[in-house]
Amino acid sequence: MARVTMPSGDEMSLLTRYADVKQVLSDPRFGRRLNAPGAARITDTESGGLFNNEMANTLPQGGQEHLRWRRLVSRWFTAKRMTATRPRIEAMAGRLVDAMVEEGQPADLKAGLAFPLPVWVICDLLGVPESDRDRFARWSDTMLNLTRYTDDQMRVAQAEFNEYMAGHITARRAEPGDDLLSRLIVATDAEGRGLTEAELVATGQGLLVAGHETTANMIAKMVAMLLADRRRWERLLADRSLIRTAVEEALRFDSNLGLGMVRYIDQDVEIGDTLVTDGTTVLCDMAAANRDETAFERADEMDLARSPNPHLAFGSGAHSCLGQALARTELQIVLGVLLDRLPSLDLAVEAENLQRIEGLVVGGLRGLPVRW
């Protein structure tokens, strides 16, 4: 465990060992309510940004209320539902690759495929117009950035996003469609309780931001990792049965995950051999945990057939990623489509010259120049 300083100047305790990270993420005593007195602020703004502001309070962050919310929403993200969406996602991925090829090489695979595909998928799922994707990207960038924007800019982006999503929900209530938000508007739990208006708005916002930002970045990083060593790509060309395990290994092997997952503890708790005291904010480094030699044999090698692969890229416990089945589906589809359509795909620059995004909560690449 080490002490690290956030852009705000506040300190957190950094965890890097697999066992420690999994313990914290699985322990309900470590909460996500970062507006608690004494919780570290994250961004270099007075409010601390998205993690610390009022929006953090809108959705229940723990206990039975969080479980209730998660049950209402998670029924739309089952593996069975994701399997049913595969043909349409595959068709869209194919169209995007065709358009990229038509425009010629070299091409930016992130701009041509990795970004627009997840945007289309999440917009289709929520029933919002894909034509608004530039607005979503601007709001996401503002809300997820640690250093670039002021408090006022963040508040404006949040207000615009709230107004947009509230208007969309009102329209869906009047004219329901075959989309997740239309279903959530009328969904109830076993006691007949549904989501409040504020919970619906926050749910829509959270799914929209997380549903495109993280997956878009991961698609580009996955392809870059596979092309950085041509033997990896050639192995997949020879054996498509490795696509599923290759996706999981890319998720584990990714050293550019971004900030990590933040938790707050309001009591004394032992983590490994260290006592973490009441009022500590903890930062879980999943990228480091996923390279822990005590949890993964040859952890610093990318083994496309690795199984089992209990990586922590999607977190663990009650707050594990709600959309992980959707993310896995998109990653597997993209990899399959690229292997089929562009078997000669290669990086157009040296791997070490790929530029990373700086300052975002989510790690990623600025672009992915490729040729074929």
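Me: Trp 139 and Tyr 164, buried or exposed?
Reply: Both are buried in this predicted model.

Me: How do the rings of Trp 139 and Tyr 164 sit?
Reply: Their centres are 5.5 Å apart and the planes are at 55°, so the pair is tilted. Trp 139 belongs to helix H7 and Tyr 164 to helix H8 (residues 151-174), so the pair ties together parts 25 residues apart in sequence.

Me: Which residues form the aromatic cluster?
Reply: Phe 136, Trp 139, Phe 161 and Tyr 164 form one cluster.

Me: What about Phe 136 and Trp 139?
Reply: Phe 136 and Trp 139 make a tilted pair, 6.2 Å centre to centre with 45° between the planes. They are three residues apart in helix H7 (residues 133-144), about one helical turn.

Me: Switching topic. How many disulfides?
Reply: Zero.

Me: Why is Cys 321 not bonded to Cys 284?
Reply: Because the two sulfurs are 15 Å apart, too far for a bond; a disulfide needs them within 2.5 Å. Cys 284 is buried at 0% relative accessible area, while Cys 321 is partly exposed at 30%.

Me: And the largest nonpolar core, which residues touch the most other members?
Reply: Leu 109, Leu 335, Leu 338 and Leu 368, out of 105 residues in that core. Helix H10 (residues 197-228) gives the most to this core, 15 residues.

Me: What is Leu 109 in contact with, leaving aside neighbours within four places in sequence?
Reply: Its contacts include Met 100, Val 223, Leu 338 and Leu 368.

Me: Where does Arg 291 lie?
Reply: Over the face of Phe 253, 3.9 Å from the ring centre. Arg 252 lies over the face of Phe 296, at 5.2 Å.

Methods
Residues are numbered from 1 along each chain as its sequence is written. This is a predicted model: local features need pLDDT of at least 70, side-chain atom pairs count only at pLDDT 80 or more; totals for chains, interfaces and linings use all residues. Side-chain values use heavy atoms; hydrogens and water are left out. A nonpolar core is a set of buried Ala, Val, Leu, Ile, Met, Phe, Trp, Tyr and Cys residues joined through side-chain atoms within 4.5 Å. Buried means under 20% relative accessible area, exposed over 50%, partly exposed in between (1.4 Å probe, protein chains only). Helices (H or I, at least four residues) and strands (E, at least two) are DSSP runs, numbered from the N terminus. Contact means heavy atoms within 4.5 Å. Rings of Phe, Tyr and Trp (its six-membered ring) pair if their centres lie within 6.5 Å; planes under 30 degrees apart count as stacked, over 60 as edge-to-face and the rest as tilted. A charge sits over a ring if NZ of Lys or CZ of Arg is within 6 Å of the ring centre and within 35 degrees of the ring normal.
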